[in-house]
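User: Hey, I've just been handed this protein and I'm new to it. Can you talk me through it?

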Amino acid sequence: MPHQTSPRHDDAHAAPSAPSFQPARSSRTVSHAPYPQTPRTARRSAGSTSQAGSAAQQASSRSGARRPEALDSGLRDVGARSSRPGKHGEARNSTPSPHIAGRSGSVGSAQADVVRTRPHRGLRRLFIALAIIVALLILALFGTWNWVDRQLNKSDWVTNHADTTGETWLILGSDKRDGTTGDDGTVGFRTDTILVLTKPKSGPSSLISIPRDSLVNVGEDYMKINAVAQAAGQKALVSQVEDITAQHVDHVALIQFGGLKGIVDALGGVRLCYDQTVNDVDSGLNWQSGCHVADGSTALAFSRMRYSDPQGDFGRASRQRQVIGAIISKAANRSTLTNLGKLNKVATAALKSITVDQSASPYTLLQMALAFRSATGAKGINGSVYWSDPDYYVDGVGSSVLLDDAKNHALFNELAQGTHAPGTVGTLAETFQQ
């Protein structure tokens with residue numbers, strides 16, 4: 001009668017190898033169990049015998065296959081325990097120690113303690129480190145937020161015009177003259193650059209310029225739109241823009257062009273492109289056709305020049321959008337953001353040259369910068385408003401740009417809804433496409 005191997009002894013031959021505690025590599029750690037889990041080994045059928053095991057062993061030996069070292073060591077250990085004589089010389093019970101013969105994948109009590117302790121200690125240290133880093137970041141951001149908020153020059157700009165879809169920023173560029181007279185007879189300051197930045201809830205952002213010579217009616221007086229703020233006040237200018245666009249202006253940012261020089265110099269210059277060779281006496285721009293890294297003085301002259309531009313004021317508006325876009329792009333560059341010294345100089349120069357509305361904050365400025373970058377990118381919308389006559393003469397005002405209200409209302413409605421296709425818009429864009 002063949003010798004029968006006890007089920008306990010047979011299970012010992014199937015003992016799994018020791019579990020590995022090396023964590024799997026992943027971009028994020030998701031733990032569904034408190035301890036590392038050991039894969040379960042396949043069970044033998046209830047009818048398995050030592051002879052069957054020996055036959056399989058011989059077949060494995062003939063095929064050249066080797067058992068894992070951990071399994072061999074486990075068999076040697078169990079064999080040693082069962083073959084050593086007991087206290088009085090009798091054979092010891094062949095049943096392995098409960099520390100060994102627990103559920104598949106179990107280990108000794110000391111090893112189990114390691115399993116239960118090491119992961120918890122490692123995770124606890126990791127959480128503590130992450131908590132410290134997050135706390136430091138919050139403190140740094142909170143401190144920066146408060147510092148920027150304290151430095152902001154705020155003024156009353158926004159009207160009580162009914163709210164509309166999307167978010168609208170009015171970005172103004174002012175060439176303040178401090179009581180001197182400009183080339184068109186305007187005393188004081190003028191808003192020579194008028195940009196409407198629109199960010200819909202979904203869809204492409206847009207940046208549309210309004211010509212500085214656009215004809216508007218303030219009360220009973222006709223005037224160019226760049227003179228409205230000086231003549232009738234800041235809110236009157238915002239109200240005129242809302243009439244042109246049929247959209248509520250949520251925030252306003254007025255940039256002194258003289259301040260651009262300090263910002264560009266703090267950035268170490270910005271890359272600008274213009275396909276004309278220019279030596280303009282009025283603006284001081286001396287430019288060789290092509291793309292160049294411009295310093296602050298050159299970028300300022302690049303923004304002001306219009307008499308040597310074949311497109312006149314429309315060409316200047318386009319170059320001004322380019323300058324502001326280049327500044328935002330370089331300010332948001334990694335080389336700037338990781339250089340605390342440069343970042344501080346840029347922020348200080350920018351905050352000195354900008355005035356915002358009363359409800360503006362560091363967050364709204366960040367949103368404005370991101371929307372501006374998106375609008376001037378490949379998937380954005382930029383250009384100018386529509387006009388019906390670019391040389392409309394009015395007594396006491398001079399040559400003006402007569403705007404097309406119906407087309408502009410339809411345009412800005414699409415921009416606010418996010419339904420307009422990316423690209424260039426406006427009368428000037430359509431003229432070049434013909």
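**Pocket, sheet and strands**

User: What kinds of residues line the largest pocket?

Analyst: The lining divides into 30 nonpolar residues, four polar ones and one charged. Nonpolar here covers Ala, Val, Leu, Ile, Met, Phe, Trp, Tyr, Cys and Pro, charged covers Asp, Glu, Lys and Arg, and the others, Gly among them, count as polar.

User: Before we go on, what am I looking at, and how are things numbered?

Analyst: It's a predicted model, where local features need pLDDT of at least 70, side-chain atom pairs count only at pLDDT 80 or more, and totals for chains, interfaces and linings use all residues. Residues are numbered from 1 along each chain as its sequence is written, and side-chain values use heavy atoms, leaving out hydrogens and water.

User: Cool. Back to the pocket: which residues lie nearest its centre?

Analyst: Of the 35 lining residues, those are Leu343, Ala347, Leu365, Leu366 and Ala369. A pocket is an open set of points on a 1 Å grid where a 1.4 Å probe fits, with protein on both sides within 12 Å along at least five of seven lines, and lining residues have an atom within 4 Å of a point.

User: And which helix gives the most to the lining?

Analyst: H12, with nine residues. H12 spans 362–375, and H4 (109–151), H7 (257–267), H9 (313–331), H10 (334–337) and H11 (340–352) also supply at least two residues each.

User: How many helices and strands are there in the protein?

Analyst: The protein has 14 helices and 16 strands. They're DSSP runs numbered from the N terminus: H or I with at least four residues for a helix, E with at least two for a strand.

User: OK, changing topic. What order do the strands of the open sheet have?

Analyst: Eight strands run E1-E12-E7-E2-E3-E4-E13-E16, with mixed pairing. E1 (153–155) and E16 (423–425) stand at the edges with a single partner strand each, so one side of each has no neighbour in the sheet. Two strands pair if DSSP finds at least two bridges between them.

User: Which strands does E7 pair with?

Analyst: On one hand there's E2 (residues 167–174), which runs parallel to E7 and is joined to it by six bridges. Ile171 has Ala253 of E7 as its bridge partner. Then there's E12 (residues 354–357), antiparallel to E7 over three bridges, where Ile354 is the bridge partner of Ile255.

User: Is E7 mostly covered or exposed?

Analyst: E7 (residues 251–256) is mostly covered, with five of its six residues buried, meaning under 20% relative accessible area with a 1.4 Å probe and protein chains only. Across the protein, 38% of the 434 residues are buried.

User: What about E3 and E4, parallel or antiparallel?

Analyst: Antiparallel: E3 (residues 191–199) and E4 (residues 206–209) share four bridges. Leu197 is partnered there with Leu207 in E4.

User: And where do the side chains of E8 point?

Analyst: They alternate along E8 (residues 270–274). Val270, Leu272 and Tyr274 are buried and point to one face, whereas Arg271 and Cys273 point to the other and are not buried. That's because side chains in a regular strand alternate between the two faces of the sheet.

User: Which strand does E8 pair with?

Analyst: E11 (residues 290–294), in the antiparallel sense over five bridges. Val293 in E11 is the residue opposite Arg271.

Terms used: Buried means under 20% relative accessible area, exposed over 50%, partly exposed in between (1.4 Å probe, protein chains only).
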